Amino acid sequence: MTEINPEALIRTLVTPLVKHREAVKVSLDDKGRYRHYYLSVAPSDVGRLIGRQGHVAASLRTIVEGSRDRHANTKKIRFRIKDYRH
């Protein structure tokens with residue numbers, strides 16, 4: 001099975017959803033049990049990524065966190081949008 005790069009996956013999923021594509025930034029915090037990927041976008045695009053009642057954010061989180069290869073000894077993935085807590 002091919003390993004999916006979560007950072008590239010996040011960029012691929014988010015870029016069509018935002019107006020300011022140049023402001024999309026993904027950072028990684030690889031401490032502890034999890035690999036935390038943080039997404040930051042332009043302030044005007046945060047609402048687009050959250051969606052109504054958080055449905056878009058929840059869907060993005062499900063796809064990204066489910067992309068890890070469970071058969072390999074890799075850390076679990078957590079995905080968060082900066083300045084949005086849910």
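Strand E3, spanning residues 76–81, presents two distinct faces in this predicted model: Ile 77, Phe 79 and Ile 81 lie on the covered face, whereas Lys 76, Arg 78 and Arg 80 lie on the uncovered one. Such an arrangement follows a general rule, in that the side chains of a regular strand alternate between the two faces of the sheet. The partner of E3 is strand E2 (residues 34–40), to which E3 is joined by 6 bridges. The two strands run parallel, and Tyr 34 stands opposite Lys 76 of E3.

The setting of this strand pair is a chain with 3 helices and 3 strands. Along the sequence, these elements are arranged in the pattern α-β-β-α-α-β. Of the contacts between residues at least 6 apart in sequence, 53% join residues at least 24 apart. Buried residues account for 35% of the 86 residues in the chain. The area exposed by the chain is about 5900 Å², and 51% of that area is supplied by carbon and sulfur atoms.

Helix H1 (6–14) contains the buried residues Pro 6, Leu 9, Ile 10 and Val 14. Viewed down the axis of H1, these buried residues fall within an arc of 115 degrees, and they therefore line one face of the helix. A spacing of this kind can be related to helical geometry: an α-helix has 3.6 residues a turn, so residues three or four places apart point the same way. The buried residues of H1 pack against all of the following elements: E1, E2, H2, H3 and E3. At the start of H1, a side-chain oxygen of Asn 5 comes to within 3.1 Å of the backbone nitrogen of Glu 7.

In helix H3 (residues 55–65), burial involves Ala 57, Leu 60, Arg 61, Val 64 and Glu 65. The buried residues of H3 fall within an arc of 115 degrees when seen down the helix axis, so they line one face of H3. Packing partners of these residues are helix H1, helix H2 (46–50) and strand E3. Strand E3 is thus contacted by the buried residues of H1 and by those of H3.

Regarding the confidence of the prediction, the mean pLDDT of the chain is 87, and 90% of the residues reach 70 or more. Among the elements of the chain, the lowest mean pLDDT, 89, belongs to E3, while the highest, 94, belongs to strand E1 (residues 25–29). Where pLDDT is low, the predicted coordinates should not be read in detail.

Methods
Residues numbered from 1 in each chain as written. Predicted model: local features only at pLDDT ≥ 70, side-chain atom pairs only at ≥ 80, totals over all residues. Heavy atoms only, no water. Buried < 20%, exposed > 50% of the residue type's maximum accessible area, 1.4 Å probe, protein only. Helix = DSSP H or I, 4+ residues; strand = E, 2+ residues; numbered from the N terminus. Pairing = 2+ DSSP bridges. Arc of directions from axis to C-beta. Contact = heavy atoms within 4.5 Å. pLDDT = per-residue confidence, 0-100. Areas by Shrake-Rupley, 256 points an atom, 1.4 Å probe, with all protein chains shown as cover. Polar contact = N/O pair within 3.5 Å; in protein donor to acceptor, adjacent residues only side chain to side chain.
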